[in-house]
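Okay, thanks for squeezing me in. I'd like to walk you through one model today, so let me get it up on the screen.

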Amino acid sequence: MESNENEDSFQNISVDLNELKLSEKDVHSLEKQNSRIVAEFKANKLEAEARKNWDLFYKRNETKFFKDRHWTTREFQELIGDSSSQDQEIREKRTLLEVGCGVGNFVFPLLEENLNLFIYCCDFSARGVQFVKDNPLYNESKVKAFECDITTDRLLEELGESSIDIISMVFVLSAIHPDKHQTVFDNLARVLKPGGILLFRDYALFDMTMIRFGPGSKIADRFYTRQDGTRTFFFTPEDTADLGANVGFSLTENQVVKRKTINKKEGVDALRLFLQAKFIKGNES
Ligand SMILES: C[S@@+](CC[C@H](N)C(=O)[O-])C[C@H]1O[C@@H](n2cnc3c(N)ncnc32)[C@H](O)[C@@H]1O
């Protein structure tokens with residue numbers, strides 16, 4: 001993961017992955033990754049130690065790695081809700097669940113916008129959750145942070161069935177083994193209210209960080225490990241469409257978007273590709 005995936009200001013330009021032309025160098029790099037695949041015992045160890053590795057990530061980086069995400073209400077206007085009534089007390093407070101919240105880079109800029117939301121946020125890293133609680137803006141009348149592995153049904157125990165209006169999941173599902181992605185969607189679907197919304201942003205296929213992995217990093221198709229043992233998956237719109245459809249969600253957005261950054265050291269444009277999707281839970285599901 002690169003800290004420059006921090007997305008303070010960016011413009012989303014829609015991309016059709018089928019029309020994307022990779023350079024020869026990129027194709028070569030992707031092929032080279034297959035020369036040394038992560039051994040099964042090591043892949044199993046990474047899976048067993050996923051929580052520990054993220055916790056160590058926050059021990060090392062504390063709150064310094066990701067920048068606050070100030071773009072969320074621009075890309076996800078659903079967070080703003082109905083602003084027709086000036087009196088926030090009259091309007092019912094909606095509930096937001098931010099899953100995989102890390103140290104709260106999504107949560108705290110939102111709190112500062114003073115929206116009519118009660119925010120639940122969770123992460124399976126105890127250190128991440130503690131950093132959220134230690135933030136001066138943390139106030140239990142507005143936000144509640146708790147430890148939870150979203151691949152388990154602890155989420156349901158903590159929040160209850162159909163209790164949440166909006167869920168945000170930003171750069172989190174990629175950190176989870178693809179075999180468990182559907183379980184995560186099942187768990188999210190249970191806590192989401194009928195008509196509730198899931199907001200999703202994550203890495204897309206052929207993002208520059210995928211192409212840059214060297215031999216010895218690839219665990220499975222589109223799934224890689226970093227040096228620190230945290231892992232990352234790269235999504236296609238078909239993945240997100242299937243995950244949502246299997247739990248009866250309908251999609252209102254499902255696109256790959258691009259952003260170019262200049263790598264100062266190499267002086268080249270680095271193509272960042274993200275998958276942005278919005279799902280609605282139907283009344284029947
Ligand atoms: C790249 S960080 C993103 C943090 C935050 N969403 C943001 O946008 O800044 C991925 C986060 O997902 C969390 N995570 C990974 N697997 C998880 C799981 N199974 N349950 C809960 N959190 C998980 C990690 O601990 C980490 O904080």
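I'll start with the overall fold, then go to the core, the ligand, a helix pair and a handful of loop residues.

First off, keep in mind that this is a predicted model. The chain has 285 residues, and buried ones make up 35% of them. In secondary structure, you're looking at 10 helices and 11 strands. If you take the contacts with a separation of 6 or more, 76% of them come from residues 24 or more positions apart.

Now the core. The largest nonpolar core holds 67 residues, and V107, C121, I167, L198 and A204 are the ones with the most contacts inside it. Which strand gives this core its largest share? That's β6, residues 192-203, with six residues.

Let me stay on C121 for a second. Once you set aside neighbours within four places in sequence, C121 is in contact with E98, C101, G104, V107, V132, V143 and A145. So V107 turns up again here: it's a contact of C121, and like C121 it's on that list of residues with the most contacts inside the core.

On to the ligand. There are 20 residues around it, and the ones that come nearest are W54, G100, G102, N105 and F124. What's the make-up of that shell by class? You get 11 nonpolar, six polar and three charged residues.

Next, the helix pair. Rotate to α3, residues 50-61, and α6, residues 126-134: their axes come within 7 Å and cross at roughly 45°. That crossing is why α3 counts as oblique to α6. On the α3 side the contact is made by D55, Y58 and K59, and on the α6 side by A126, R127, G128 and F131. Sorted by class, the residues of this contact are three nonpolar, one polar and three charged.

And while we're on α6, its buried residues are R127, G128, V129, F131 and V132. Yes, there's an arginine in that list. What covers them? The cover includes α3, α5, β3 and β4, the last of these being residues 143-147. V132, by the way, is one of the residues C121 is in contact with.

Okay, loops. Have a look at the one between α5, residues 107-112, and β3, residues 117-123, where N116 sits. N114 lies in that loop between α5 and β3 as well. N114 has a positive phi of about 55°, and it's not a glycine. Is N114 buried or exposed? It counts as exposed, because there are 9 C-beta neighbours inside 10 Å. N116, on the other hand, is partly exposed, since it has 17 other C-beta atoms within 10 Å.

N116 also takes us to another loop. It's 26 residues from K142 in sequence, but C-alpha to C-alpha the two are 9.4 Å apart. K142 lies in the loop between α6 and β4, and it's partly exposed, with 16 other C-beta atoms within 10 Å. What does K142 touch, not counting residues up to four places away? L111, F118 and I119. For F118, the C-alpha to C-alpha distance to K142 is 5.2 Å, with their positions 24 residues apart in sequence.

Just past β4, in the loop between β4 and α7, you'll find C148. C148 is buried, because 24 other C-beta atoms lie within 10 Å. Outside its neighbours within four places, C148 is in contact with C122, F124, R154, L155 and E158. We've met F124 already, as one of the residues that come nearest the ligand. And E158 is 10 residues from C148 in sequence and 8.6 Å away in space, C-alpha to C-alpha.

Two more stops. F171 is in the loop between β5, residues 164-170, and α8, residues 181-191. It has a positive phi of about 55° and isn't a glycine. F171 is buried, with 21 other C-beta atoms within 10 Å, whereas N114, with its positive phi, is exposed.

Finally, G214, in the loop between α9, residues 208-211, and β7, residues 218-220. G214 counts as exposed, with 12 other C-beta atoms within 10 Å. How far is it from S29? They're 185 residues apart in sequence, but 7.4 Å apart in space, C-alpha to C-alpha.

That's my tour, so over to you.

How values were computed:
Residues are numbered from 1 along each chain as its sequence is written. This is a predicted model: local features need pLDDT of at least 70, side-chain atom pairs count only at pLDDT 80 or more; totals for chains, interfaces and linings use all residues. A nonpolar core is a set of buried Ala, Val, Leu, Ile, Met, Phe, Trp, Tyr and Cys residues joined through C-beta atoms within 7 Å. A residue is buried if 20 or more other C-beta atoms lie within 10 Å of its own, exposed if 12 or fewer, and partly exposed in between; C-beta atoms are placed from the backbone. Helices (H or I, at least four residues) and strands (E, at least two) are DSSP runs, numbered from the N terminus. Two residues are in contact if their C-beta atoms, placed from the backbone, lie within 7 Å. A residue is near a molecule or strand if its C-beta atom, placed from the backbone, lies within 6 Å of it. Ala, Val, Leu, Ile, Met, Phe, Trp, Tyr, Cys and Pro count as nonpolar, Asp, Glu, Lys and Arg as charged, and the others, Gly among them, as polar. Axes are lines fitted to C-alpha atoms, for helices over the stretch in contact, and angles run from 0 to 180 degrees between N-to-C directions. Angles under 35 degrees count as roughly parallel, over 145 as roughly antiparallel, 65 to 115 as roughly perpendicular and the rest as oblique.
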